[in-house]
Amino acid sequence: MKVTKMSHRTNCHKAKRKRHILAISGGKDSAALAVYMRKNHPELELEYVFTDSGCELPETYEYLDRIRAVLGIDITVIKPERDFDYWLKYYNGVLPSPQNRWCTRQLKLRPYEAYIGDDLTYSYIAIRADEDRGGYQNTKGNIIPRYPFVDGGMTLQDVVRILNESGLGLPDYYKWRSRSGCYFCFFQSNDEWRGLRKYHPDAFEKACWYEENHSDGRTYTWRGKRQDMHLHLRDIEGDPPDLNLDSFWEKEDDNRLVNVLGDIDFGGIDITNILR
Ligand code: SF4
């Protein structure tokens, strides 16, 4: 496994070249795209990369290992030069939020752009034909998005079929969470926070710690406010719903799985969204 620690200067010395990059997010769509590209575009010299915020879920690393093993590919792990705690201090202890996604900028986007440098890069993005969203094009203009699933008319049903047939299946976090990303991601629903507490109690505690240890006495929470009241993680009660996706795979019931996945809100934080 290649691990690359990126600063914004890292790639400046490299000569410009043409590259083809598929950013794997740790979610189902980009995993299915990796399978699809191997099968349909073996002529491309694709680089597979994963941008690691340093705060990822164990299930994400496990899924990356599964992708490596099933596809026989190397995935370069891009790491930011400075970690979340450094940037939290830099931003005066203000936790990131949907309105202030400094986490995405510093831990995902900048390291990814530094990895690419000035190279002309075709970036293969796992947006599906049944989705209505665009991809990222950087201001420098050297990253050109490509949408193989859109071009091929591939939908959620196709993604499920690809993952089923390839034997990759879904990342294990899908039984309690609908997206990849940081364990403390503020895009989580209350049920997902409940899932974090159940499956990763230490990570849940750490997320609480961030809410409860602001050096200057101000209050920031991952879930923000409702009616001017801060919503603290510790106040979330109850257990997460039990979603056993394995049973769908075992029965090879793609249609039921599509229905279940279709009910989950997948908007958010894979690299394709990050780079918008
Ligand atoms: S996964 Fe969530 S917390 Fe992590 S960088 Fe992305 S938006 Fe920020």
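**Figure 1. Buried residues of helix H7 in the predicted model.** In this predicted model, helix H7 has buried positions at Trp193, Gly195, Leu196 and Arg197. The buried residues of this helix pack against helix H8. H7 covers residues 190-199, and H8 covers residues 201-212. The next two views take two of these buried positions in turn, Gly195 and Leu196.

**Figure 2. Close-up of glycine 195 in helix H7.** Is glycine 195 buried or exposed? Glycine 195 is buried, because 23 other C-beta atoms lie within 10 Å, and the cut-off for a buried residue is 20 or more. Leaving aside residues up to four places away in sequence, glycine 195 touches Trp176, Arg177 and Pro240. The view also takes in glycine 238, which is 43 residues from glycine 195 in sequence. In space, the C-alpha atoms of these two glycines are 10.0 Å apart.

**Figure 3. Close-up of leucine 196 in helix H7.** Leucine 196 has 25 C-beta neighbours inside 10 Å and therefore counts as buried. Which residues does leucine 196 touch, not counting those up to four places away in sequence? They are Tyr183, Ala203 and Phe204. Proline 240 is 44 residues away from leucine 196 along the chain, and the C-alpha atoms of the two are separated by 8.9 Å. Proline 240 also appears in the previous view, as Pro240, where glycine 195 touches it.

**Figure 4. The largest nonpolar core of the protein chain.** This core has 55 residues, and Ile24 and Leu33 have the most contacts inside it. Several elements each supply at least two residues of the core, among them strands E2 and E3 and helices H1, H2, H4, H6, H7 and H8. Which element gives the largest share of the core? The largest share comes from H4, with seven residues. Leucine 33 has contacts with Leu22, Tyr124, Ala126, Pro148 and Phe149, when residues up to four places away in sequence are not counted. For the wider setting, 35% of the 276 residues in the protein chain are buried.

**Figure 5. Parallel pairing of strands E2, E5 and E6.** The protein chain has eleven helices and eight strands, and this view shows three of the strands. How many bridges pair E2 with E5? Strand E2, residues 18-23, and strand E5, residues 120-124, pair in the parallel sense over five bridges. One of the bridge partners in E5 is leucine 120, which is matched with lysine 18. E5 is also joined to strand E6, residues 143-146, by four bridges, and these two strands run parallel. Serine 123 stands opposite proline 145 in E6. Across the protein chain, contacts between residues at least 6 apart in sequence join residues at least 24 apart in 75% of cases.

**Figure 6. The crossing of helices H1 and H6.** Two packed helices are described by the angle between their axes and the distance between the axes. H1 and H6 pack at an angle of about 65 degrees, and their axes are 9 Å apart. The two helices are therefore roughly perpendicular to each other. Their crossing is left-handed. On the H1 side the meeting residues are Lys28, Asp29, Ala31, Ala32, Val35 and Tyr36. On the H6 side they are Val159, Ile162, Leu163 and Ser166.

**Figure 7. Aspartate 52 in the loop between E3 and H2.** Why does aspartate 52 count as buried? Aspartate 52 counts as buried because it has 21 C-beta neighbours inside 10 Å. Aspartate 52 touches Val77, Ile78 and Lys79, not counting residues up to four places away in sequence. Aspartate 52 and lysine 79 are 27 residues apart in sequence, and their C-alpha atoms are 5.3 Å apart in space.

**Figure 8. Two loop residues with positive phi, asparagine 92 and aspartate 228.** Asparagine 92 is in the loop between helices H3 and H4. Its phi is near 55 degrees, a positive value in a residue other than glycine. Asparagine 92 counts as exposed because it has 10 C-beta neighbours inside 10 Å. Where does aspartate 228 lie? Aspartate 228 lies in the loop between strand E7, residues 225-226, and strand E8, residues 229-230. Although aspartate 228 is not a glycine, its phi is positive, at about 65 degrees. With 5 other C-beta atoms within 10 Å, aspartate 228 is exposed.

Key:
Residues numbered from 1 in each chain as written. Predicted model: local features only at pLDDT ≥ 70, side-chain atom pairs only at ≥ 80, totals over all residues. Buried ≥ 20, exposed ≤ 12 C-beta atoms within 10 Å, placed from the backbone. Contact = placed C-beta atoms within 7 Å. Pairing = 2+ DSSP bridges. Core = buried A, V, L, I, M, F, W, Y, C linked by C-beta atoms within 7 Å. Axes fitted to C-alpha atoms, helices over the stretch in contact; angles between N-to-C directions. Parallel < 35°, antiparallel > 145°, perpendicular 65-115°, else oblique. Left-handed = near helix turned anticlockwise from the far one by under 90°.
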